[in-house]
Amino acid sequence: MTHRIGGRKFGLPSDQRRALLKGLVRSLFIYQSIKTTETRAKDVRKIAEKIITSARVDTVHARRQVRRYLGDETLVRHVFTQIAPEFKATPGGYTRAVKIGLRRGDAAPLVQLSLATEMVFGLPVVPDKIGR
């Protein structure tokens with residue numbers, strides 16, 4: 001029986017699997033669109049949507065939760081100031097996965113995972129220090 005078995009293993013140890021998903025989620029928020037396999041995109045989508053949902057309410061607790069996963073204050077600021085306000089009125093479905101064919105070599109199904117908005121956010125930037 002396979003009850004209560006959540007997530008996919010991707011043939012990786014748990015630390016490498018977490019690092020892979022963290023890198024894909026970070027790339028999704030930085031570039032707004034990534035190309036990856038269908039199964040990886042399904043797991044990345046789950047994580048990214050939870051992050052955007054918690055970022056819709058700008059509180060200290062929400063920022064700490066998002067920072068705990070993303071690990072970069074510049075990216076956290078980008079998510080809270082540019083990405084989350086765009087989805088303020090949307091009750092879910094913040095990402096879109098479009099099938100783009102099969103990968104050459106092993107025929108793994110590829111998808112383009114992107115944020116479901118037409119707005120271009122640009123890359124996250126480090127703010128200048130004021131008064132220095």
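## Surroundings of helix H2

In this predicted model, the buried residues of helix H2 are covered by a set of elements that includes helix H1 (14-31), strand E1 (33-37), helix H3 (60-70), helix H4, strand E2 (95-102) and strand E3 (109-115). The buried residues in question are Ala 41, Asp 43, Val 44, Ile 47, Ala 48, Glu 49, Ile 51, Ile 52 and Ala 55, a list in which Asp 43 and Glu 49 belong to the residue types that count as charged.

The length of H2 can be checked against its residue count: at 1.5 Å a residue, its 18 residues should span 26 Å, and the end C-alpha atoms of H2 are 25 Å apart, which agrees with that expectation.

## Packing of H2 against H4

Two packed helices are described by the angle between their axes and the distance between the axes. For helix H2 (residues 38-55) and helix H4 (residues 73-86), the axes come within 9 Å and cross at roughly 95 degrees. Because angles of 65 to 115 degrees count as roughly perpendicular, H2 and H4 are described as roughly perpendicular to each other.

On the H2 side the contact is made by Ile 51, Ile 52, Ser 54 and Ala 55, and on the H4 side by Val 79, Phe 80, Ile 83 and Ala 84. Sorted by type, the residues of this contact divide into seven nonpolar, one polar and no charged. Ile 51, Ile 52 and Ala 55, which take part in the contact with H4, also appear among the buried residues of H2.

## The aromatic pair

The structure holds one aromatic pair, formed by Phe 87 and Tyr 94, with 5.2 Å from centre to centre and 55 degrees between the planes, a geometry that is classed as tilted. Both partners, Phe 87 and Tyr 94, are buried.

## Loop residues with positive phi

Most residues other than glycine have a negative phi. Gln 32, placed in the loop between H1 and E1, has a phi near 70 degrees, a positive value in a residue other than glycine. With a relative accessibility of 14%, Gln 32 counts as buried, because the limit for that class is under 20%.

Ala 107 also has a positive phi, here near 60 degrees, and is likewise a residue other than glycine; its place is in the loop between E2 and E3. At 43% relative accessibility, however, Ala 107 counts as partly exposed.

## Thr 37 in strand E1

Thr 37 lies in strand E1 and, at 8% relative accessibility, counts as buried. When residues up to four places away in sequence are not counted, Thr 37 touches Arg 103, Ala 108, Pro 109, Leu 110 and Val 111. Strand E3 covers residues 109-115, and the residues touched by Thr 37 include Pro 109, Leu 110 and Val 111, which fall within that range.

## The chain as a whole

The chain has four helices and three strands, and from the N terminus on its elements run α-β-α-α-α-β-β. Along the principal axes, the C-alpha trace of the chain spans about 55 × 30 × 30 Å.

Of the 132 residues in the chain, buried residues make up 31%. Among contacts in the chain with a separation of 6 or more, residues 24 or more positions apart account for 58%.

Notes:
Residues numbered from 1 in each chain as written. Predicted model: local features only at pLDDT ≥ 70, side-chain atom pairs only at ≥ 80, totals over all residues. Heavy atoms only, no water. Axes fitted to C-alpha atoms, helices over the stretch in contact; angles between N-to-C directions. Helix = DSSP H or I, 4+ residues; strand = E, 2+ residues; numbered from the N terminus. Parallel < 35°, antiparallel > 145°, perpendicular 65-115°, else oblique. Contact = heavy atoms within 4.5 Å. Expected span 1.5 Å × (residues − 1). Buried < 20%, exposed > 50% of the residue type's maximum accessible area, 1.4 Å probe, protein only. Phe/Tyr/Trp six-rings, centres within 6.5 Å; stacked < 30°, edge-to-face > 60°.
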